[in-house]
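Please have your viewer ready and follow along, one selection at a time. Each stop tells you what to pick next and what you will find there.

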Amino acid sequence: MLSDKDIKIAIQTDKIRIEPLGENAIQPASIDLRLGNSFWVFPAGDEPLDVFRPLIEGVDRQTIVADEYILQPYQFVLATTNERVSMPDDLVARIEGKSSLGRLGLFVHITAGFIDPGFSGNITLELLNVSGRPLVLHAGMKIAQLSLERLSTPAERPYGHPSLGSKYQGQTVATPSLYHLNPSKPTQE
């Protein structure tokens with residue numbers, strides 16, 4: 001895992017790009033990331049979500065751009081980081097919540113906390129409020145931290161490689177699941 005010294009060197013040498021880098025963002029072994037102003041709210045309804053079908057037609061209708069968002073108890077929404085992160089082919093990152101926000105019942109990711117080598121874009125956060133009370137979130141607030149680890153060798157096919165079909169490369173807003181774009185539905189024998 002990279003220390004603050006290694007993180008500073010990686011940023012200064014343009015090995016990793018965090019734009020814009022917040023003031024005092026570099027911590028002892030991580031980089032603080034701030035909440036952006038793009039939120040994606042799941043459409044209401046009881047119809048089951050089929051991972052091999054788009055969530056809804058015209059998903060942009062569910063995107064909210066706001067400087068403040070009230071996350072209701074047990075509500076799940078997607079949001080984005082303020083920062084655009086560009087990873088080299090020999091580093092991976094993990095995104096984790098800030099402990100002070102975790103103590104208020106805020107999850108910032110459910111399972112997608114891994115950032116591949118080669119990824120470039122704003123990171124979509126999976127926000128869940130388990131506090132039982134509404135939680136007011138403000139664009140620009142520190143919401144997560146990014147830790148970096150070196151790979152034993154550079155990735156042969158980093159995220160964004162033409163053969164991978166990297167669906168989220170270059171994302172700038174909270175992006176809903178694009179699982180339905182995977183090459184094929186499994187068959188049962």
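Start by selecting strand S2 (residues 31–41) together with S5 in this predicted model. The two strands pair in the antiparallel sense, with four bridges between them. To find a spot where they face each other, pick Val41, which stands opposite Val77 in S5.

Now keep S5 and display all of it, residues 76–86. Is this strand mostly covered or uncovered? It is mostly covered, as eight of its 11 residues are buried. S5 has further partners to visit. Add strand S1 (residues 17–19), which runs antiparallel to S5 and is joined to it by three bridges. Here you can select Ile18 and see Val85 of S5 opposite.

Next, bring in strand S9, residues 120–129. S5 and S9 pair over eight bridges, again in the antiparallel sense. Two places are handy for orientation: Arg84 stands opposite Asn122 in S9, and Ser86 has Ser120 as its bridge partner in S9. Why is S9 described as largely enclosed by the rest of the structure? Because nine of its 10 residues are buried.

Stay with S9 and add strand S7, residues 106–107. Two bridges link S7 and S9, which pair in the antiparallel sense. Pick Leu106 and look across to Asn129 in S9, which stands opposite.

Time for the aromatic rings. There are three aromatic pairs in the count. For one of them, select Phe39 and Tyr69: the ring centres are 4.8 Å apart and the planes are at 20 degrees, so this pair is stacked. Phe39 lies in strand S2 and Tyr69 in strand S4 (residues 68–71), so the pair ties together parts that are 30 residues apart in sequence. Both Phe39 and Tyr69 are buried.

Then move to another pair, Phe119 and Tyr159. Their rings are tilted, with 5.9 Å from centre to centre and 55 degrees between the planes. What does this pair tie together? Phe119 lies in the loop between strand S8 (114–115) and S9, while Tyr159 lies in the segment after strand S11 (142–150), so the pair ties together parts that are 40 residues apart in sequence. Phe119 counts as buried at 7% relative accessibility, and Tyr159 is buried too, with a relative accessible area of 17%.

For the last stop, turn to the nonpolar side chains. In soluble globular proteins, such side chains tend to be buried together. The largest nonpolar core here has 36 residues. To see those with the most contacts inside this core, select Leu35, Leu106, Ile123, Leu127, Ile143, Leu146 and Leu148. Many elements can then be coloured as contributors: helix H1 (4–12), S2, S4, S5, strand S6 (91–97), S9, strand S10 (135–138) and S11 each supply at least two residues of this core. Which strand gives the most? That is S2, with five residues.

Finish by centring the view on Leu35. Leaving aside neighbours within four places in sequence, Leu35 is in contact with a set of residues that includes Ala79, Thr80, Thr81 and Asn82. Also among its contacts are Leu125, Leu127, Leu137, His138, Met141 and Ile143.

Definitions and conventions
Residues numbered from 1 in each chain as written. Predicted model: local features only at pLDDT ≥ 70, side-chain atom pairs only at ≥ 80, totals over all residues. Heavy atoms only, no water. Buried < 20%, exposed > 50% of the residue type's maximum accessible area, 1.4 Å probe, protein only. Pairing = 2+ DSSP bridges. Phe/Tyr/Trp six-rings, centres within 6.5 Å; stacked < 30°, edge-to-face > 60°. Core = buried A, V, L, I, M, F, W, Y, C linked by side-chain atoms within 4.5 Å. Contact = heavy atoms within 4.5 Å.
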